[in-house]
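This report walks through the fold of one protein chain. The sequence and the model come first, and the reading of them follows.

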Amino acid sequence: MTRSLVVKVTAGSDAPERCSQAFTVASIAVASGVDVSLWLTGESAWFALPGRAAEFTLPESAPLTDLLDAVLAGGRVTLCTQCAARRSIGPDDVIEGVRIAGAAVFVSEALADGTQALVY
């Protein structure tokens, strides 16, 4: 059985280390051949917009843009529906490849057989 990883990141620039950890784990899992779904929620929702990941910096960590690009290339990136709505972000605003979906989809992914879910 192949295992999957769902990573939900709730932090953005407000908690940079936690944010970077989530993106790093997701991108390393993609590079390792794992089926990865990265969920952008809370303050990380802003990283679904073009150019926002490039504004994020954290010493001694990989650029967030590179980590996000890696997940987009080999996994899935989802922006929380409610988080998007609270920030007036619509489907036409997000980076190509980012989908907007709600809690029902998250629960479905997180509870699938062979899935490990992590929340940062």
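A residue counts as buried when its relative accessible area is under 20%, and as exposed when that area is over 50%. By that cut-off, five of the six residues of β1 are buried, so this strand is largely enclosed by the rest of the structure. The model is a predicted one.

**Overall layout**

The protein has four helices and five strands. Along the sequence they follow the pattern β-α-β-α-β-α-β-α-β. The C-alpha atoms fill a box of roughly 40 × 35 × 25 Å along the principal axes. The radius of gyration is 13 Å, and a compact globule with 120 residues would come near 14 Å, so the two agree. Of the 120 residues, 42% count as buried. Long-range contacts are frequent in the following sense. Among contacts between residues at least 6 apart in sequence, 71% join residues at least 24 apart.

**β1 and its neighbours**

Strand β1 covers residues 4–9. Which strands pair with β1? One is β2, joined to β1 by six bridges and running parallel to it. Here Lys8 stands opposite Trp39 of β2. The chain passes from β1 through α1 to β2, and this β-α-β crossover is right-handed. Another partner is β5, residues 115–119, which is also parallel to β1 and is joined to it by five bridges. Within that pairing, Leu5 has Gln116 of β5 as its bridge partner. In a regular strand, side chains alternate between the two faces of the sheet.

**Helix α1**

Helix α1 spans 16–31 and β2 spans 35–40. The helix has 16 residues. From first C-alpha to last, α1 reaches 22 Å, close to the 22 Å expected at 1.5 Å a residue. Its buried residues are Cys19, Ser20, Ala22, Phe23, Ala26, Ser27, Ala29 and Val30. What do these buried residues pack against? They pack against β1, β2 and α2, the last of which covers 64–74.

**The β3-α3-β4 unit**

A second right-handed β-α-β unit is made by β3, helix α3 and β4. Helix α3 runs over residues 81–86. The strands are β3, residues 76–80, and β4, residues 98–101. They run parallel and are joined by four bridges. Leu79 has Ile100 of β4 as its bridge partner.

**Loops with positive phi**

Three loop residues take a positive phi. Gly33 does so just after α1. Glu60 and Ser88 do so although neither is a glycine. The table sets out each one with its place and accessibility.

| Residue | Phi | Loop | Relative accessible area |
|---|---|---|---|
| Gly33 | about 90° | between α1 and β2 | 60% |
| Glu60 | about 65° | between β2 and α2 | 84% |
| Ser88 | about 55° | between α3 and β4 | 66% |

Are these residues buried or exposed? Gly33 is exposed, because its relative accessible area of 60% is over 50%. Glu60 is exposed with 84%. Ser88 is exposed with 66%. Gly33 can also be placed relative to Gly102. The two are 69 residues apart in sequence, and their C-alpha atoms lie 26 Å apart in space.

**Cysteines**

How many disulfides are there, if the two sulfur atoms must lie within 2.5 Å? The count is zero. Cys19 is in no disulfide, and the nearest cysteine sulfur, that of Cys83, is 13 Å away. Cys83 is also in no disulfide. Its nearest cysteine sulfur belongs to Cys80 and is 3.1 Å away. That distance does not meet the cut-off, so the pair is not counted. Cys19, with 0% relative accessibility, counts as buried. Cys83 is buried too, with a relative accessible area of 5%.

Conventions. Residues numbered from 1 in each chain as written. Predicted model: local features only at pLDDT ≥ 70, side-chain atom pairs only at ≥ 80, totals over all residues. Heavy atoms only, no water. Pairing = 2+ DSSP bridges. Helix = DSSP H or I, 4+ residues; strand = E, 2+ residues; numbered from the N terminus. Right-handed = clockwise from strand over helix to strand, strands pointing away. Buried < 20%, exposed > 50% of the residue type's maximum accessible area, 1.4 Å probe, protein only. Expected span 1.5 Å × (residues − 1). Contact = heavy atoms within 4.5 Å. Rg over C-alpha atoms; globule rule 2.2 N^0.38 Å.
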